[in-house]
Amino acid sequence: MRAGTKFIIGGALILGSVGYLMASGIKETGVYYLTPTELAARVNTDHSFYNVGVKMGARVVKGTITRDVATQTITFRASDGVQSYPVIYRGLAPDTFTDEVDVVVEGRLQPDGTFHATTLLAKCGSRYESVPTRTT
Amino acid sequence: MTELGNICLWIALLIGLWGAAVAFMAGRTHRADLGRSAERSIFALWGLLVIASAALMHALLTHDFNVEYVAAYTSRNLPVFYTWSAFYAGQKGSLLLWALVVTTFGSIALVVNRGKYQELTPYVAGTIAVIAVFFIATMVFASNPFERLGFTPPDGRGLNPQLQNPGMVFHPPMLYLGYTSISIPFAFAVAALVSGKLDTGWLHAIRRWTLLSWLFLSCGIVLGMWWAYVELGWGGYWAWDPVENASFLPWLTMTAFLHSVMIQEKRGMLKKWNIGLVVGSFLLSIFGTFLTRSGVISSVHSFAQSNVGYFFLIALVLFAVGGFGLLWWRWPMLQAEVQLESMVSREAAFLFNNLVLILIAFTVFLLTIWPIISEAVRGTKVTVGPPVFNLVNVPLGLGLLLLTGIGPLIAWRKASAQNLKRQFLWPTVAMLVTAAALAAIRMSYASSILAYALGAFVTVTVVQEFVRGVGARHRLHGEMLPLAFVRLVGRNRRRYGGYVVHLGMVMLFAAFAGLAFKRETEVTLKPGQSVDVRSPYGWTYHLTHQGISQYDELNRFVTAASMDVSKDGKYLGTMKAEKRQYLDSMGQPTAEPATEVAIRSDAREDLYIVFAGSVQGTEQAVYKIVINPLVWWVWYGGLVLAFGGLITLWPSAQGPTPASRRRAEPAGYVAQVGA
């Protein structure tokens, strides 16, 4: 067999295993990324969706953040303007987490309508590119 | 001043269009006057962009808050050092920097190669002009740094506190230098394709440029990791975030190119592949900017969504169609001169090296844009996290590490058994001994053991090369060993610099393998209370919360929590972690509080303490304590890598090696003792 052919076979084998690893990885740990409205639509049509871990991208409703430092629990309401869910998160919030920032929470929606988050990401986007507003 | 800057941008746009047009005409007609005009257009562009940049810098330093950009990124009490860095803190300023750097590099490339590659230079100038036009047009039509507000705020909003860090001052320009300098190799590749001068001449013209941008990108990436580690306070330095990936992608393709170009020089293979890599690297650098600037993929770093994204998307498509279209057009002229002879050869090792690098790039790319793909195909966004990236990239990375050891030492064409034994006996022994030793002390992760074993393999191959090379000089020229060492490296910079880069990579891999042993705890402590944290090395840290203090400092209000730290009963000192509330000149808070991590670092591990906050204003504090093994090796590995890159890059006194040298080294070891 020619070396070039051997290389192609070797390459194909590597490619195949990488493809397999990637597919299985995505299948096992890939997470739906939904807005609260999309999430509501999913659970309404399919109740087993409560058991599926999702990422929810939404905005923190102003004035809803409560922090219990002793138990390191943070609760707030996350909304996309149409649908909103109360979120409960236990852990340290990032510095950028505050009123009206965009957050991505990962966790599960409970049948009681609260979202139990295991991770909380806040985007610093609004801070980087905002136009100054007139203050007097 | 800003009016001047604005005018400069408009003139630059016109000159850029003129330059691009005459340059391509000069290339076709071989008219020297047109060629000179094109060259002067690039110099003029550079001059205009320098004036525009000076105008923006002037506005920043004089606090002209009527300029939207100045008001958005600086404030009166921002230290001057960071006021400088505000130049590229936002999108508009970074676009100006991009354009400035592209034309700077373009001008240098034209001056350096004056009188050489005469059929290529008009097209090089033309391509650079097109790229510059794109950036200038984006500024003028979508994102003008000189835009004024309808009113003048009394003070600016200040720079994001997280950007007020030395790492953030140097990280973005390094990345931009890396991204932009790929434009030069791209311009030469386009020139070679358009003109049909596809011999190795253009490769020699760009080899050093590619290395330069690779070096900038490497430094930019490592600085970014350092910034994320000390500033963001999440306890790590790499999270497979889209923005991080965006800088990693061109780095991978350029690394692949730096290796495969050797195959083309020596053996005349991989011609299409090399052009493809150059075009691909350039596209990925534009893609990286697009990704960070468009908001198509949600990222912690994402900057606001803006229509600049469309400009980039259009540019991406045009450059891709142009670049690959030309490649397709010249396909028949790019046939390989020889075929691969054996799987046990340097060519094959390099081919596999390229395959693995490109596969890593491909998987990272695919996983990064997976949310977009899944939404397009199945209607729902699916995101993938670090576990999937690691699952795929750990085996690929280990394979790459193995090839790092094999590639430089295995013979060209076909390795004999004798060659293999001579080159790989000791490295293999070192690998097996390391693996056995680590297994004996019950290191818990197989992939980490493998990483260290392969690291030992590569290290011994490099050391062996240095020892044999120095020994040969010592015997043949009777030089003292240190002199022999210096001359050996000095006379073969590319080769030995490359080895040093490989050592840097080994250090980085050693650090990455240490990530598996990371330990993390969160505790709430009253003053006087303490916590014990066990290190993976077996010793225990005893941390006692001392209390919280608050004070003013420069442009911020600091809340600091102190801990007394001892290791196995031995007192080490006090560590202070802070929360900083940045204030404007009126004393009003400008942003959310920022975390200042306390880090105690040595070659074995980092003790990393985050002060997360106090309980209802009392002195009871919430801490996150992380033990991060071997992080030190990332920074010093990065330094070694950069140092190796510099050795390779340093112009050699005897001038470039003859272009036509395509001599296959005979099987077996050849001591390049130099003249």
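Which residue stands opposite Ile599(B) in β9(B)? I opened the notebook with this point and found Tyr608(B) in that place. I note at the outset that the model is predicted.

**Entry 1. The sheet around β8 of chain B**

I followed β8(B) to its partner and counted four bridges to β9 of chain B, a strand of residues 605-614. The two strands run antiparallel. I then looked up the sheet to which they belong. The sheet is open, has four strands with antiparallel pairing, and follows the order β2-β10-β9-β8 in chain B. At its edges I found β2 (519-525) and β8 (598-601) of chain B, each of which pairs on one side only. Neighbouring strands of this sheet are turned against each other by 15° on average, with direction ignored. For background, I recorded that the strands of a sheet pair through backbone hydrogen bonds, in either a parallel or an antiparallel manner.

**Entry 2. Chain B as a whole**

I next surveyed chain B and listed 20 helices and ten strands in its secondary structure. Its C-alpha atoms fill a box of roughly 75 × 70 × 60 Å along the principal axes. Does the radius of gyration of chain B agree or disagree with that of a compact globule? Chain B has 27 Å, and a compact globule of 675 residues would have a value near 26 Å, so the two agree. I also noted that buried residues make up 54% of the 675 residues in chain B. Of the contacts in chain B between residues at least 6 apart in sequence, 73% join residues at least 24 apart.

I then turned to the domains. Chain B is divided into domain 1 (1-159), domain 2 (405-516 + 633-649) and domain 3 (517-632). The centres of domain 1 of chain B and domain 2 of chain B, taken over C-alpha atoms, are separated by 43 Å.

**Entry 3. From α16 to α17 in chain B**

I examined the end of one helix and the loop that follows. Ala439(B) has its place in helix α16 of chain B. Ala439(B) counts as exposed because it has 12 C-beta neighbours inside 10 Å, and the cut-off for exposed is 12 or fewer. I looked up the C-alpha atoms of Ala439(B) and Ile449(B), which are ten residues apart along the chain, and found a separation of 7.3 Å.

Arg442(B) lies in the loop between α16 (417-440) and α17 (446-477) of chain B. Its phi is near 60°, a positive value in a residue other than glycine. I set beside this that most residues other than glycine have a negative phi. Is Arg442(B) buried or exposed? I entered Arg442(B) as exposed because it has 6 C-beta neighbours inside 10 Å.

**Entry 4. Strands β5, β6 and β7 of chain A**

I moved to chain A and looked for a positive phi there. Glu100(A) has one of about 60°, although it is not a glycine. Glu100(A) lies in the loop between β5 (84-90) and β6 (102-109) of chain A. I entered Glu100(A) as exposed because 10 other C-beta atoms lie within 10 Å.

I then traced the pairing of the strands on either side of this loop. β5(A) is joined by three bridges to β7 of chain A, residues 115-122, and the two run parallel. Here Tyr89(A) stands opposite Ala117(A) in β7(A). β6(A) is joined to β7(A) by seven bridges, and these strands run antiparallel. Leu109(A) stands opposite Phe115(A) in β7(A). I noted that β6(A) and β7(A) form a hairpin with five residues between them. In the turn, Gly113(A) has a positive phi of about 90°.

**Entry 5. Where chain A meets chain B**

How many residues does each chain bring to the contact? I recorded 38 residues from chain A and 52 residues from chain B. On the side of chain A that touches chain B, α1 (3-29), β1 (31-34), β2 (54-60) and α3 (125-128) each supply at least two residues. The largest share of that side, 13 residues, comes from α1(A). I sorted the residues of this side of chain A into 20 nonpolar, eleven polar and seven charged.

Finally, I looked up strand pairing between the chains. β1(A) pairs with β1 of chain B, residues 381-383, in the antiparallel sense over three bridges. Within this pairing, Thr383(B) in β1(B) is the bridge partner of Val31(A).

Notes. Residues are numbered from 1 along each chain as its sequence is written. Chains are lettered from A and ligands numbered from 1 in the order in which they are written. This is a predicted model: local features need pLDDT of at least 70, side-chain atom pairs count only at pLDDT 80 or more; totals for chains, interfaces and linings use all residues. A residue is buried if 20 or more other C-beta atoms lie within 10 Å of its own, exposed if 12 or fewer, and partly exposed in between; C-beta atoms are placed from the backbone. Domain bounds come from an automatic or database domain assignment. The radius of gyration is taken over C-alpha atoms; the globule rule is 2.2 Å times the number of residues to the power 0.38. Two residues are in contact if their C-beta atoms, placed from the backbone, lie within 7 Å. Two strands pair if DSSP finds at least two bridges between them. Axes are lines fitted to C-alpha atoms, for helices over the stretch in contact, and angles run from 0 to 180 degrees between N-to-C directions. Ala, Val, Leu, Ile, Met, Phe, Trp, Tyr, Cys and Pro count as nonpolar, Asp, Glu, Lys and Arg as charged, and the others, Gly among them, as polar.
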